[in-house]
Amino acid sequence: MTGLAAASARAGRAVHAPPEDLTQVELVWIEKQIEHWIRFGREVREQVLDRRRRVLFFPPGTTFALVRWAANEHGTVLSRLDILRAVGPGEPCQTIATITPGGDILLRVDGWPKVERVLQHIDAIETIDIDPAEVAPDHWRHVHNRLAAGETPRAYTMQRHRAFLMRREIGV
């Protein structure tokens, strides 16, 4: 084994392909330099690679939010928040750095002002006792589109959530 494969094996990362039915999200935390974290979502497994890196595994259909932040000696160089749906085997997906094989992007924002607005939106959803991972995927797309257009997204209400759960129950 040479190169990246050898380095991955030494760091505790599996050299073979990941389980086909799970989406892997690699998180990095180097204080005040690179910070990746999951804002919400339910992983089924965690693999610690070293003090600064770990991998979370999400089953197909799971919605999760990945926040990425990076800085250098001049300040913040990256603020990004992605809300994604983990995909199943063979399902088409978008490739995203640190996510294997990729995911269905429901929302993607760049820049701290937009990231902060989405974090506030997530907080508002949690305030009404709804798990953001259970929110209708179309709502996250709505939030993405409204922010991209410079508009304010509609609030996610308990009434909207009940309607989504009923649609999901009957298979619409």
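Mentor: Let's start with a cut-off: a residue is buried under 20% relative accessible area, exposed over 50% and partly exposed in between, using a 1.4 Å probe and protein chains only. By that rule Leu66 is buried, at a relative accessible area of 0%. Before we go on, this is a predicted model, where local features need pLDDT of at least 70 and side-chain atom pairs count only at pLDDT 80 or more, while totals for chains, interfaces and linings use all residues. Residues are numbered from 1 along each chain as its sequence is written, and side-chain values use heavy atoms, with hydrogens and water left out.

Trainee: Okay, how many helices and strands are there in the protein chain?

Mentor: Helices (H or I, at least four residues) and strands (E, at least two) are DSSP runs, numbered from the N terminus. Here you get 4 helices and 8 strands. Read from the N terminus, the order is α-β-β-β-β-β-β-β-β-α-α-α. As for burial, 39% of the 172 residues of the protein chain count as buried.

Trainee: Back to Leu66, then. Which residues is Leu66 in contact with, leaving aside its neighbours within four places in sequence?

Mentor: Contact means heavy atoms within 4.5 Å. Leu66 belongs to strand β5 (residues 63-72), and its partners include Val25, Leu27, Trp37, Ile38, Arg80 and Ile99. Take Arg80: Leu66 and Arg80 are 14 residues apart in sequence, with C-alpha atoms 8.2 Å apart.

Trainee: Val25 is on that list. Where does Val25 lie?

Mentor: In strand β1 (residues 23-30). Val25 counts as buried too, at 0% relative accessibility. Not counting residues up to four places away, Val25 touches Phe58, Phe64, Leu66 and Thr98, among others. Val25 and Gly102 are 77 residues apart in sequence, yet their C-alpha atoms are 8.9 Å apart. For the chain as a whole, take contacts between residues at least 6 apart in sequence: 55% of them join residues at least 24 apart.

Trainee: Phe58 and Phe64 caught my eye. How do I read a ring pair?

Mentor: A pair of aromatic rings is described by the distance of the centres and the angle of the planes. Rings of Phe, Tyr and Trp (its six-membered ring) pair if their centres lie within 6.5 Å; planes under 30 degrees apart are stacked, over 60 edge-to-face, and the rest tilted. That rule gives 3 aromatic pairs here. One of them is Phe58 with Phe64: the centres are 4.3 Å apart and the planes are at 10 degrees, so the pair is stacked. Phe58 is buried at 0% relative accessible area, and Phe64 is buried at 1%.

Trainee: And which residue lies over the face of Phe57?

Mentor: Arg45, at 4.0 Å from the ring centre. For a charge to sit over a ring, NZ of Lys or CZ of Arg must be within 6 Å of the ring centre and within 35 degrees of the ring normal.

Trainee: What about backbone oddities?

Mentor: Look at omega and phi. The peptide bond from Thr100 to Pro101 is cis, with omega near 5 degrees, and Pro101 is in strand β8. Thr98 has a positive phi, near 75 degrees, though it isn't glycine. Thr98 is in the loop between β7 (94-96) and β8 and is partly exposed, at 28%. Asp129 has a positive phi as well, near 60 degrees. Asp129 sits in the loop between α2 and α3, and it counts as exposed at 72% relative accessibility.

Trainee: At what angle do helix α2 and helix α3 pack?

Mentor: Axes are lines fitted to C-alpha atoms, for helices over the stretch in contact, and angles run from 0 to 180 degrees between N-to-C directions. Helix α2 (residues 112-127) and helix α3 (residues 137-148) pack at about 145 degrees, with axes 12 Å apart. On the α2 side, the residues that meet α3 include Lys114, Val118, His121 and Ile125; on the α3 side they include His139, Trp140 and Val143. Repeats like that are worth checking against helix geometry: an α-helix has 3.6 residues a turn, so residues three or four places apart point the same way.

Trainee: What distance separates the end C-alpha atoms of helix α4?

Mentor: The expected span of a helix is 1.5 Å times one less than its number of residues. The 13 residues of α4 (residues 158-170) should therefore span 18 Å, and the end C-alpha atoms are 19 Å apart, which agrees. Gly171 follows α4, with a positive phi near 80 degrees.
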